[in-house]
Amino acid sequence: MTVLARPFHDAVALDLARLVAVQPEPPAESAGGAPPLPDGPLPWPAAIADGGVRAVELFVAGAHLAGQPLEYELRDLGARWDRPARTSAAYALHALGTVPAKPGLVRVGAGGAAVEGEVWLVSEGALGRFLANLPAPMTLGRVELSDGRWAVGFGCTQEAASAGEDITKYGGWRAWLSSR
């Protein structure tokens, strides 16, 4: 069987291929039918360990969070939500004057705080496409997470952060939105 998907929708193709490639246990003689597929979602990307499609961890802290206005941009690229996450205590978060409203994350080092967000998995090709369409003043760069690992993450220019409201004390975008 061949599985095809739109460009940058590797996750969909891998999920479908994995579903049809599952080799179920033979049914018990008394069961009288085929056994069910394994419980729970199948992991993506399944092929990473085998040298297949590589996924990049993308940290988001604002309008691309699940349930926020730009989540669809990640989903349209075939990105998959992975987990909640926090930055290390070295960041500041600023509400920018953009439409739709977005925050800007800036590494400030000492005097910073941990900022809540999420990690999404996105293919390398899709990340390149996303970066090519990223509007100013947003940037992509390395973000240190609270567990000491680094991920690709959203940021903004220093000029945009300086012009925006410092909302770091709220700990994250959703908390700031709730306070308004």
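The following is a conversation about a predicted model of a single chain, taken up one term at a time.

Me: What makes up the secondary structure of the chain, and what pattern does the chain follow along the sequence?

Reply: The secondary structure comes to five helices and eight strands, and along the sequence they follow the pattern α-β-α-β-β-β-β-α-β-β-α-β-α.

Me: Why is strand S7 called mostly covered?

Reply: A residue counts as buried when its relative accessible area is under 20%, and six of the seven residues in S7, which spans residues 150–156, are buried. Because that cut-off is met by six of seven, the strand is described as mostly covered. For the chain as a whole, buried residues make up 42% of the 180 residues.

Me: How do you know that S7 is paired with S1, and in which sense do they run?

Reply: Two strands pair if there are at least two bridges between them, and S1 (residues 55–60) and S7 have two bridges, so they count as a pair, in the parallel sense. Within this pairing, Leu-58 stands opposite Val-152 in S7.

Me: What makes S6 and S7 a pair, and what lies between them?

Reply: Seven bridges join S6 (residues 138–144) to S7, and since at least two are needed, the two strands count as paired; they run antiparallel. Leu-140 stands opposite Phe-154 in S7. The two strands form a hairpin with five residues between them, and in the turn Gly-148 has a positive phi of about 90°.

Me: Why are S4 and S8 said to stand at the edges of their sheet?

Reply: Three strands form an open sheet in the order S4-S3-S8, with antiparallel pairing. S4 (102–107) and S8 (165–166) each have a single partner strand, so one side of each is left without a neighbour in the sheet. S3 (residues 91–96) pairs with S8 over two bridges, and His-94 stands opposite Asp-166 in S8.

Me: What makes a group of residues a nonpolar core, and which residues have the most contacts inside the largest one?

Reply: Such a core is a set of buried residues of certain nonpolar kinds joined through side-chain atoms within 4.5 Å. The largest has 37 residues, and Leu-58 and Phe-59 have the most contacts inside it. Leaving aside residues up to four places away in sequence, Leu-58 touches residues including Leu-74, Trp-120, Leu-127, Leu-140, Val-152 and Phe-154. In soluble globular proteins, nonpolar side chains tend to be buried together.

Me: Why is one space called a cavity and another a pocket?

Reply: In a cavity a 1.4 Å probe fits but cannot get out, whereas a pocket is an open set of points, so the two names separate enclosed from open space. The structure holds one cavity of 30 Å³ or more, and the largest cavity has a volume of about 110 Å³. The largest pocket has a volume of about 160 Å³; of the 13 residues that line this pocket, the closest to its centre are Glu-73, Phe-130, Asn-133, Leu-134 and Pro-135.

Me: Which strand supplies the largest share of the lining of the largest cavity, and how is that lining divided by class?

Reply: The largest share, four residues, comes from S4, and the residues lining the largest cavity include Lys-102, Leu-105, Met-138 and Phe-154. By class, that lining has seven nonpolar, four polar and one charged residues. The lining of the largest pocket has eight nonpolar, two polar and three charged residues.

Methods. Residues numbered from 1 in each chain as written. Predicted model: local features only at pLDDT ≥ 70, side-chain atom pairs only at ≥ 80, totals over all residues. Heavy atoms only, no water. 1 Å grid on protein atoms, 1.4 Å probe; cavity = no way out; pocket = protein on both sides within 12 Å on 5 of 7 lines; lining within 4 Å. Points joined across faces, edges and corners; volume = space filled by probe spheres on them. Nonpolar A, V, L, I, M, F, W, Y, C, P; charged D, E, K, R; others polar. Buried < 20%, exposed > 50% of the residue type's maximum accessible area, 1.4 Å probe, protein only. Contact = heavy atoms within 4.5 Å.
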